[in-house]
Amino acid sequence: MSTQDDLFHPVVELPEPVRQARYDRLVGLDDTKLRLRKEAALLAAPDRLRAWAERFHPGMDLPALRLLTDRAPLFVFAGDVGSGKSALAESFGCDLADMLDLPVFLYRLKLATRGNGLVGEMTSLIGEAFTHLRDVADRALSASGPTSVTVFVVDEADALVQSREARQMHHEDRAGVDAFLAGVDSLAGAGLPVLVVLCTNRVGALDPAIMRRSAATFTFTRPDDQQRHAILAAALDGLGVRTDTITKLVELTGPSGNQPGFTSSDLTQRLVPAALITAFPDRAVTDEHLLTLASELAPTPVFTEQP
Ligand SMILES: Nc1ncnc2c1ncn2[C@@H]1O[C@H](COP(=O)(O)OP(=O)(O)OP(=O)(O)O)[C@@H](O)[C@H]1O
Ligand SMILES: [Mg+2]
């Protein structure tokens with residue numbers, strides 16, 4: 001039997017300032033954030049949905065409510081590299097906590113938990129993780145509704161939940177998919193304050209059974225001109241960079257010919273840090289220098305599905 005420390009990274013209680021700031025800094029995801037807030041609130045705290053129904057459709061028995069709350073509390077975050085999947089998965093709990101006025105506990109599956117390939121190991125670890133989460137969520141449910149919400153993030157879930165039909169899939173990986181499906185099913189319609197978020201680059205390779213269960217699938221893409229502008233303006237704030245330089249940087253980091261545009265993380269984790277590191281310790285960051293770096297750096301290649 002594994003302990004909590006074997007299965008999960010240290011649990012984080014949200015809201016928390018660092019993650020709140022990360023959530024606020026995510027650009028171009030306003031629609032995703034809004035939909036996620038509603039979906040998450042209703043799945044984790046179905047009492048809120050009943051209260052809404054009582055207010056706007058009083059005295060009615062609404063089968064539609066049941067349809068909504070019977071779904072598996074599973075969200076899939078899929079799409080391009082460095083587009084904010086992990087950042088959003090680990091920070092939207094701050095927004096949810098505000099909305100529900102409840103603490104949100106963030107559980108992240110440890111990479112090592114995916115097992116070392118021994119048959120049966122993956123299955124039992126995933127099973128144990130879900131059992132643990134159900135216990136936590138059970139304890140968080142009081143007669144008057146949830147007292148906290150648990151968000152379970154399975155990041156880089158590609159191998160774990162790849163299609164069971166994938167030809168080269170090992171027996172053990174298939175067992176991982178089955179264990180995950182069983183875990184998700186055990187939460188569907190249970191009305192427990194727990195949400196599962198699965199992040200992956202490989203939406204095409206995801207097992208159809210997982211896609212079908214997902215209450216909402218969010219697709220993440222590379223930032224467009226306006227979004228790159230917002231990310232760059234925020235990241236370069238205070239460095240005295242001219243407005244027309246930011247406009248040029250937006251152009252230089254956009255798609256051209258066969259080359260894709262920069263990812264959000266290319267901007268925040270490569271371009272801007274490179275500018276600071278080159279200037280440090282003897283010079284200030286200059287506009288010319290930023291423009292040179294932007295034209296020299298190549299964007300991260302687009303993730304292509306393996307055959
Ligand atoms: N939409 C965004 N707006 C602003 N910054 C972003 C956005 N997306 C990503 N970033 C920046 O890139 C960093 C990395 O993002 P994140 O780790 O969430 O990417 P990811 O989608 O999980 O990528 P991967 O598929 O490689 O795991 C973030 O911490 C943030 O600085
Ligand atoms: Mg990630």
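These legends go with several close-up views of a predicted model.

**View 1. Ligand 1 and the residues around it.**
Start with the shell: 19 residues surround ligand 1. The closest ones are Gly82, Lys85, Ser86, Ala87 and Asn201. Sorted by character, the shell has six nonpolar residues, nine polar ones and four charged ones. If you like to think in pockets, ligand 1 sits in the largest pocket.

**View 2. Side-chain polar contacts to ligand 1.**
Zoom in on the oxygen atoms of ligand 1 and three side chains come up. Ser86 puts a side-chain N or O atom 2.7 Å from an oxygen atom of the ligand. For Lys85, a polar side-chain atom is 2.8 Å from a ligand oxygen atom. Thr268 joins in too, with a polar side-chain atom 3.0 Å from an oxygen atom of ligand 1. As for burial, ligand 1 on its own has 640 Å² of accessible area, and the protein covers 81% of that.

**View 3. Ligand 1 between two domains.**
Here we step back to see which parts of the chain build the shell. Domain 1 (4-220) and domain 2 (225-296) each give residues to the shell around ligand 1, so the ligand lies between them. Down at the level of elements, α6 (85-89) and α14 (264-279) are the ones that give two or more residues. The largest share comes from α14, with four residues.

**View 4. Two cis peptide bonds, each leading into a proline.**
Worth a look if you check backbone geometry: most peptide bonds are trans. The bond from Leu14 to Pro15, however, is cis, with omega near 5°. Pro15 has its place in the loop between β1 (12-14) and α2 (17-25). The bond from Phe280 to Pro281 is also cis, again with omega near 5°. You'll find Pro281 in the loop that runs between α14 and α15 (287-296).

**View 5. Asp101 and its positive phi.**
One more backbone oddity to round things off. Most residues other than glycine have a negative phi. Asp101 is not a glycine, yet its phi is positive, at about 60°. Look for Asp101 in the loop between α7 (92-100) and β3 (104-108).

Notes
Residues are numbered from 1 along each chain as its sequence is written. Chains are lettered from A and ligands numbered from 1 in the order in which they are written. This is a predicted model: local features need pLDDT of at least 70, side-chain atom pairs count only at pLDDT 80 or more; totals for chains, interfaces and linings use all residues. Side-chain values use heavy atoms; hydrogens and water are left out. A residue is near a molecule or strand if one of its heavy atoms lies within 4 Å of it. A polar contact is a pair of N or O atoms within 3.5 Å; within protein, one must be able to donate a hydrogen and the other to accept it, and residues adjacent in sequence count only if both atoms are side-chain atoms. Accessible areas come from the Shrake-Rupley method with a 1.4 Å probe; for residues, only the protein chains shown count as cover. On a 1 Å grid over the protein atoms alone, a cavity is a set of points where a 1.4 Å probe fits but cannot get out, and a pocket is an open set with protein on both sides within 12 Å along at least five of seven lines; lining residues have an atom within 4 Å of a point. A molecule sits in a cavity or pocket if more than half of its atoms lie within 2 Å of its grid points. Ala, Val, Leu, Ile, Met, Phe, Trp, Tyr, Cys and Pro count as nonpolar, Asp, Glu, Lys and Arg as charged, and the others, Gly among them, as polar. Domain bounds come from an automatic or database domain assignment.
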